[in-house]
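Here is a set of exercises to work through with a structure viewer open. Try each task yourself before you read its solution.

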Amino acid sequence: MADRPRDLAERMARRRKMGGRPGESRGDGYLRETFTLPREAARARAQAFFARYPKAGYMSAVEAWRELPGGEIEFTMRRLPSAD
């Protein structure tokens, strides 16, 4: 049986409440941090993030990035809360 529009709206509202603020999970178990830095500082920050939270242990990744008109880079890093 297909979901009613109300069911879909309620499910979407629950997902919105699950996160969106820096450092909060969005219901998928990942923690996220968003940065806006000049290009070289952004590169250094991402390298430091991977050094602190290695990909193998935390499934760390650059989730999204974009170049802003002023030349700064806005990027979101994600990781699992703890390693096994």
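The exercises below go from the overall fold to salt bridges, the core, a pocket and one backbone angle.

This is a predicted model, in which local features need pLDDT of at least 70 and side-chain atom pairs count only at pLDDT 80 or more, while totals for chains, interfaces and linings use all residues. Residues are numbered from 1 along each chain as its sequence is written, and side-chain values use heavy atoms, with hydrogens and water left out.

**Exercise 1. The fold**

Find the order in which helices and strands follow one another from the N terminus.

Solution. Start with the elements, which are DSSP runs numbered from the N terminus: helices are H or I runs of at least four residues, strands are E runs of at least two. The chain has 3 helices and 3 strands. Read from the N terminus, their order is α-β-α-α-β-β.

Next, look at burial, where buried means under 20% relative accessible area, exposed over 50%, and partly exposed in between (1.4 Å probe, protein chains only). Of the 84 residues in the chain, 18% are buried.

Finish with contacts, meaning heavy atoms within 4.5 Å. Taking contacts between residues at least 6 apart in sequence, 49% join residues at least 24 apart.

**Exercise 2. A salt-bridge network**

Work out which residues are linked with Glu-63 in a network of salt bridges.

Solution. A salt bridge here is a side-chain nitrogen of Lys or Arg within 4 Å of a carboxyl oxygen of Asp or Glu. The structure holds 6 of them.

Step one: Glu-63 pairs with Arg-32 at 2.9 Å, N to O. Because Glu-63 sits in strand 2 (residues 61-67) and Arg-32 in strand 1, this pair ties together parts 31 residues apart in sequence. Arg-32 counts as buried at 6% relative accessibility, whereas Glu-63 is partly exposed at 31%.

Step two: Glu-63 also forms a salt bridge with Arg-78, with the closest N and O atoms 3.6 Å apart. Arg-78 belongs to strand 3 (residues 72-79) and Glu-63 to strand 2, so this pair ties together parts 15 residues apart in sequence. Arg-78 is partly exposed, at 24% relative accessible area.

Step three: put the two pairs together, and Arg-32, Glu-63 and Arg-78 form a linked network.

For another salt bridge, look at Glu-74 and Arg-66, whose closest N and O atoms are 2.8 Å apart. Both ends are partly exposed, Glu-74 at 25% and Arg-66 at 47%.

**Exercise 3. Met-77 and the core**

Decide whether Met-77 is buried or exposed, and list what surrounds it.

Solution. Locate Met-77 in strand 3. With a relative accessible area of 1%, Met-77 is buried.

Now collect its contacts, leaving aside neighbours within four places in sequence: they include Leu-31, Arg-32, Phe-35, Ala-46, Phe-49 and Val-62. The C-alpha atoms of Met-77 and Arg-32 are 5.6 Å apart, although 45 residues separate them along the chain.

Then turn to the largest nonpolar core, a core being a set of buried Ala, Val, Leu, Ile, Met, Phe, Trp, Tyr and Cys residues joined through side-chain atoms within 4.5 Å. Its 9 residues are Phe-35, Ala-42, Ala-46, Phe-49, Tyr-53, Tyr-58, Ile-73, Phe-75 and Met-77. Helix 2 and strand 3 are the elements that give two or more residues to this core.

**Exercise 4. The largest pocket**

Identify the element that supplies the largest share of the lining of the largest pocket.Solution. On a 1 Å grid over the protein atoms alone, a pocket is an open set of points where a 1.4 Å probe fits, with protein on both sides within 12 Å along at least five of seven lines; lining residues have an atom within 4 Å of a point. The largest pocket holds about 180 Å³ of space, the volume being that filled by probe spheres set on the points.

List the lining: Arg-39, Ala-42, Arg-43, Ala-46, Val-62, Trp-65, Ile-73 and Phe-75. Helix 2 (39-52), strand 2 and strand 3 each give at least two of these residues. Helix 2 has the largest share, with 4 residues.

**Exercise 5. An unusual phi**

Find what sign phi has at Met-59.

Solution. Go to the loop between helix 3 (55-58) and strand 2, where Met-59 is found. Met-59 is not a glycine, yet its phi is positive, about 55°. Most residues other than glycine have a negative phi. Met-59 is partly exposed, with a relative accessible area of 44%.
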